[in-house]
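Biologist: Please give me a close look at the aromatic rings of this predicted model. I should like to understand how they are arranged with respect to one another.

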Amino acid sequence: MMLIAGTVPQDLPLTTGEVKASGNAMLVNGSQIPCAQGTGALVKAALAVTDYLKLEPPKVILAGDTGRGEGSRAIYEYLIQNISHLAPNVLVLHYCLPDMALMRKLCQAVEDCGKKPIMVADAASMYVAKAAGLASRFDIFTPDATEMAFLADPDAIHPAYINKHLFDTDISQTPELVSAAYQHKSAAKILLVKGAIDYVVKEGKIVATISEPDVPELEAIGGTGDTVAGLVSAFAYAGLELHEAAIIAAKSNRMAGKFAQVTPATKIGQVIEQFSLVFKKYLCSWSGVCYMGEGENDD
Amino acid sequence: MTFLRRKEKPSFEGGGLILFADVPGAMGAEKILKGVGYGIKLVAPPPALRKGCDLALGINLAEQPGIERALRQKNAEYLGITPLGGEAQELLEIVKVVDFGDWVMVRAGNMKLAFDKRSGIIANTSGGGCPDIPYLHAELVGKKLSEAPRPKDIGFTLCALMLERALEECLTIWQGGET
């Protein structure tokens, strides 16, 4: 099972269940979740992968939270209490108010599980994992360039407090930041660093860079980082090696941006709509994961 | 002989401190913040961070903007808020501007805001990771820079504060025509 946990910006009590597509939105246990920046975009991107590959859809743990943390704490507490019997293969932690003590308890609960899931953290779940010194318990982080600088700064508790010299670095200096992050044990086993060049890092070594197609407008679109996190998580769930999952996620996101002819005003749903076309055209040749359905074309 | 394992004390790990000039100030702020639901704890500040009294409030640093607003609303005085890191740390002030032709995007820390040069309408917000960011995205996108709600007023977290910085810079560019 692939389990995704995160908050959504609406009035929603803690809600769990399997996610189903519902037009441009999603349905979870009778509640409609818009596909917008944040956990909604991540879930919808993951669902695009599981739909295409005919896998079990993701299960989700969602709660409404607009910044005061109530929904975030409900999610943490639920996971701490239930993770051992939920026993997911992949656990994705996303938008939650950073809470170091609760993240520590959750990581302990995961350690106590018989079978440890593949652990993915993005957004503030990644921030708190790093701030609490728990980064190395995770398998995949998906930082952008500023978040990479945050991981490299041993003192920063949040990206708003990174050393300004690190904020000044550009994406070409990612290798130095990666090296610093691993030195300080502030990185997951796999990093997918998103930027003009995407870097895929495996236990400190850069194993791939992706720069094509070049679609710089993607950075401005709210949710494009979330979709990358959803894609890499779902490809990992599909059984790809984690670094391969990261490479294909980066390529897929870029190609979807190209297909959608994005501008800085594009909505994330317009990018997500393209994923099935991208997979149909490229996934088999990129990954060897071939769904031999109607119209498969790997050229 | 068997020993009972001592129950672990509940720890408070928020990464930030509010510093005060005197003890009543610290206790008054504790009452205010607990009253509006913040998880906080009275602590002794480390020697290097002592500015006033020997009592500080441990806070979740990510909630700094919401906490500051709650204290302001009750006219509570404090010396400052500081991260509990190694060296003295300051909030990022610098921003970066990217020109996309018809749009301008400003990066402030981990947040980005893009607006339409012709209309001044917010085209998108991206980045960040705290739970108020998707809410702010929904509230800001599609509105004019000058008419949009301000993240400093309706957000609660450091991500919202960075989005406020980006919005301020976009307003400066828009009003000054520096595109």
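Modeller: One aromatic cluster is formed by Y52(A), F235(A), F275(A) and F279(A). Over all chains, the predicted model holds eight aromatic pairs. One of these pairs joins Y127(A) and F150(A) in an edge-to-face arrangement, with 5.6 Å from centre to centre and 75° between the planes. This pair links distant parts of the chain, for Y127(A) belongs to helix α4 (residues 123-131) of chain A and F150(A) to helix α5 (residues 145-152) of chain A, 23 residues apart. Both Y127(A) and F150(A) are buried.

Another pair consists of F259(A) and Y282(A); here the centres are 6.4 Å apart and the planes meet at 45°, a tilted arrangement. Distant parts of the chain are again linked: F259(A) is in helix α9 (residues 242-259) of chain A, while Y282(A) is in helix α11 (residues 275-287) of chain A, 23 residues away. F259(A) counts as partly exposed because its relative accessibility is 28%, a value between the limits of 20% and 50%. Y282(A), by contrast, counts as buried because its relative accessibility is 18%, which is under 20%.

Charged side chains also meet aromatic rings. K130(A) lies over the face of F150(A), at 4.5 Å from the ring centre. F150(A) is thus a ring that pairs with Y127(A) and also has K130(A) over its face. In chain B, the charged end of R69(B) is placed over the ring of F156(B), 5.0 Å from the centre of that ring.

Terms used: Residues are numbered from 1 along each chain as its sequence is written. Chains are lettered from A and ligands numbered from 1 in the order in which they are written. This is a predicted model: local features need pLDDT of at least 70, side-chain atom pairs count only at pLDDT 80 or more; totals for chains, interfaces and linings use all residues. Side-chain values use heavy atoms; hydrogens and water are left out. Rings of Phe, Tyr and Trp (its six-membered ring) pair if their centres lie within 6.5 Å; planes under 30 degrees apart count as stacked, over 60 as edge-to-face and the rest as tilted. Helices (H or I, at least four residues) and strands (E, at least two) are DSSP runs, numbered from the N terminus. Buried means under 20% relative accessible area, exposed over 50%, partly exposed in between (1.4 Å probe, protein chains only). A charge sits over a ring if NZ of Lys or CZ of Arg is within 6 Å of the ring centre and within 35 degrees of the ring normal.
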